[in-house]
Amino acid sequence: MISTSVAPIPLELRPRGIALSRDGGRLYVSSSDSTGFVFVLETAGHTVMSRIDCPGASAMVLTPDGGRLYVATSEAATVSVIDTATNTLVRSVSTTAPAFGLAVTPNGSRVYVTMGSNEVAVIDTASDQMIRTIGVGGDPLGVAVTADSERVLVTDLSDATVHVINARTDTVTGTPIPVGQFPRAVAVTRDGRRAFVVNGQDATVSVVDVVAGAVTDVIEVGDFPKQVMISPDGGRAYISNAGADSISVIDTGSLRVIRTTRIPGPPADMALTADGQRLYAAAFRERFVLPFDTRTLTMPVGKRPEGVALSPDGRRIYLTEAGADSVAVIETRETQTPAGQLPSAVAVTPDGLRAYVANSGSNDVSVIDTATRQVTETVPVGSVSTLAMSRDGRQVYVVGPGELSVIDTATRKVAGTLALPDPSGVTVGHDGARLYVSDATTGTVTVIGTSPLEVVGDPIPVGQSPRSLDITPDGRHVYVANTGSSSVSVVDAVARAVTTTVELDGEPQFVTVSPDGRQVYVSCVGGGDTGAGLIGVAVIDTVGQTLSGAPIPVRPFPQGSAVSPDGSRLYVASFSSTVHVIDTATRALLETIPSGRTSATVSLTPDGRHAYVTGPDTDFVTVIDTHATRLRVGDQPLGVAVTPDHRRAYVANSGSGTVSVIDTDALKVSGPPISVGGRPRAVALAPDAGRLYVTDSDSGTVIVVDTGTGAVTGTPVPVGNSPAGLAVAPDGSHLYVACPGAGTVTVIDTAGRTVTRTAVAGVAPLDLVLTPDGARLFVTDSGSDAVLVLDTGSLEVTSSVPLPGSPHGLALSLDGRLLLVTVPTARGLALVDTTTLTAVGPPVVVGSGPHGVVVAPDGRQAFVANAASNTLTSVDL
């Protein structure tokens, strides 16, 4: 799934600390730039309401009543106090050293402040005076108070520990708790029993048992985490990964990362709304604040998405796009295929059937069957750094310290070797007759003939520490990334000499030539004495051999890249565990795709449909779906259903009176559509998938299709005016049909294909779903603001659940405990506890006009089709 980011909130200066009023209406942002200020923003319109002079403003905390804002001033031994009613600085509290972190007790009586004097200051908020200091030693930084105000937890940056303070006596208790390196922040669960500590250097979160005083778990997150916040319900922990431009979401029950979302800047301090649905992060190196929806990811899809279904394993979404006459097939997550040790490069054969992976840790090459995504063979070689494939796919050339190896892809065996000093990169000429190998030690490129395998001529001097290289499609020029001299050498392949050197503002790591040979994309990762050089992708125009336009920002640390076959998209691997997708025409970031752990190289299949990604910290290759596959079906597709074996998907085409059948293995429409007539709306499969039931809103009937023959069987069953939703009993014996035009629910005996009962169900029942035991039926009444509950034995309405608007679609978790209801007028997804029949919090905000909804098999996610905004939203449950 891809995330479309909420637009950043621009500021005049770089943000430092951040705090949010309890009602979520005001956002306070500090900046130590210039003389120091606190900005007050109105969150509805993201506009600055006030700017308060506050010298050296950094970390902040609001009192529980929201009346005062305490601001640490890192450049002076004071804590500033701001009256939030008047937005004025009313006093400064003297401390013994510059302040770093702050935490307020739940009753608002004390503020604990970590200071540069190896102490924690205690401020009495009634008098706004420092009443004592607590010596903790080391370098205290992060601080948090338990909900019962009994304990204060303080991270020690230099000692890599957490100190526990007894808040009654303001004394340190017990021994320091060892955690990870560079612990920057800490947050405590509401019950006070567990603390989450972010370790900046380790890129981990330590889970601490506060009572036992010990770490119980360690969770890997993104690069250089700086802050942690826990959701109001305690179910999630949010980690700002400053070095990865991302936010990780941890399920505090299972203690696993359930989502890492890329955002357009480096997050640091964070603030969370009272309902837990929106988080604000200070992008401390930029001039903006980043809003982040905590439970949802939204991606653009085709016009008017309506119905949504999942494959049984939850890995693939089938989404009907009624306004585009298509079905979008979307992968929900990447696939990770085990390879050898430390895979460092990957190449896909021209026919797309196999991928070859260079494993630098085990000195071998894994051969992956791209259909099954399994390793079929492993080819041992002498040494491995990287590899390249001939254009015809017949040879794979592997270079490593001291050696070049040639693998014959027909036999998957080493067909030849050649001793070389220190090869660091390799590329193959357009006709396969020449190889070009960079040598990082000598600063040269060696030309090698492939038949026989031998060095041709003298090495070509290039820049310092050449690493990656690539060749134009016509074989005329080789571009070499010189990491040590911050340049790209342009080698004339015919003259075997450097003709141009393109100077860069950063250290080039990888070069990629576009399919038409007109652009060269160069990944750079800073450089110079301060490391402040370009971090992004520079573009070289091969006609003039000069830099073209502004570089493309990619953070952090862009690595290998690949260009789509049509040249329209650039895929850049990044150390942020994502692949960035860039529009090559506009150079705008289109999306970011999660790719497992740290990503270093990327290779596309010939059709550009999948990307194979390797990274230095893993022993697997990540395969990601680069874009949704769209299949043309009939006119105005609405309902969709997938067979339990995931062999077929059925789509109701309301505008053409047909049902399309999709072969899910081949990802294509299979055969001619099944003609059902009228305006088919919803589809549902019998438990054995032998029958497909289709509602026809024109004729007021249910049509039965034999899925074995692909033909309509028997006569349509009359049910009522404008039938819509369908639900099949768990044993397949009965079919329930919602008829909004008649205001009824009809029950069909599926064996005899006869109507056995009809009951009035509200004003306009639209969609329905059965509990796993078949005892209750939930029905959306689109004519009122409620979901009705019917007893299937009596078919009587036994209860109703009020909603903040007219409901549309329904879905039920597999265990039957959670009912999900789309509410278009509220732009939300309502969650209902089926035991108590009460709403679980306010509706989750999704897109405009949410209609269809489906729950993932593991119950952790739901997917919502937003018909009015042409988007698909993933919701964490």
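Start with Asp-170 and Arg-132, whose side chains meet in a salt bridge, with N to O at 2.5 Å. Keep in mind that this is a predicted model. The two partners come from distant parts of the chain, 38 residues apart: Asp-170 sits in the loop between strand S16 (161-166) and strand S17 (171-178), while Arg-132 belongs to strand S13 (residues 129-135). Buried or exposed, what is Asp-170? With a relative accessibility of 7%, Asp-170 counts as buried. Arg-132, at 34%, counts as partly exposed.

Now jump much further along the sequence. Asp-325 and Arg-632 also pair up through their side chains, here at 3.6 Å from N to O. Asp-325 is found in the loop between strand S31 (316-321) and strand S32 (326-331), and Arg-632 is in strand S63 (residues 629-632), so this salt bridge ties together parts that lie 307 residues apart in sequence. Asp-325 has 17% relative accessibility and therefore counts as buried, the cut-off being under 20%. Arg-632, on the other hand, counts as exposed at 59%.

A third pair is worth a look: Asp-665 forms a salt bridge with Arg-647, and their closest N and O atoms are 3.3 Å apart. Both residues are in loops, Asp-665 between strand S66 (658-663) and strand S67 (668-669), Arg-647 between strand S64 (637-642) and strand S65 (648-653), with 18 residues separating them. Asp-665 counts as exposed at 59% relative accessibility, and Arg-647 as partly exposed at 46%. Elsewhere, salt bridges with shared partners join Arg-68, Arg-91 and Asp-128 into one network. The count for the model comes to 18 salt bridges.

So much for charges; on to the nonpolar side. The largest nonpolar core has 16 residues, and those with the most contacts inside it are Val-61, Tyr-70, Val-79, Leu-102, Val-111, Val-113 and Ile-123. Which strands feed it? At least two residues each come from strand S6 (57-62), strand S7 (68-73), strand S8 (78-83), strand S10 (99-104), strand S11 (110-115) and strand S12 (119-124).

Leu-102 makes a handy viewpoint on this region. Setting aside neighbours within four places in sequence, Leu-102 is in contact with Ala-59, Met-60 and Val-61, with Tyr-70, Ala-72 and Val-79, and also with Val-111, Tyr-112, Val-113 and Val-143. Finally, move along to a second, separate core: this one has 15 residues, including Ala-727, Val-747, Leu-768 and Val-779.

Technical notes. Residues are numbered from 1 along each chain as its sequence is written. This is a predicted model: local features need pLDDT of at least 70, side-chain atom pairs count only at pLDDT 80 or more; totals for chains, interfaces and linings use all residues. Side-chain values use heavy atoms; hydrogens and water are left out. A nonpolar core is a set of buried Ala, Val, Leu, Ile, Met, Phe, Trp, Tyr and Cys residues joined through side-chain atoms within 4.5 Å. Buried means under 20% relative accessible area, exposed over 50%, partly exposed in between (1.4 Å probe, protein chains only). Helices (H or I, at least four residues) and strands (E, at least two) are DSSP runs, numbered from the N terminus. Contact means heavy atoms within 4.5 Å. A salt bridge is a side-chain nitrogen of Lys or Arg within 4 Å of a carboxyl oxygen of Asp or Glu.
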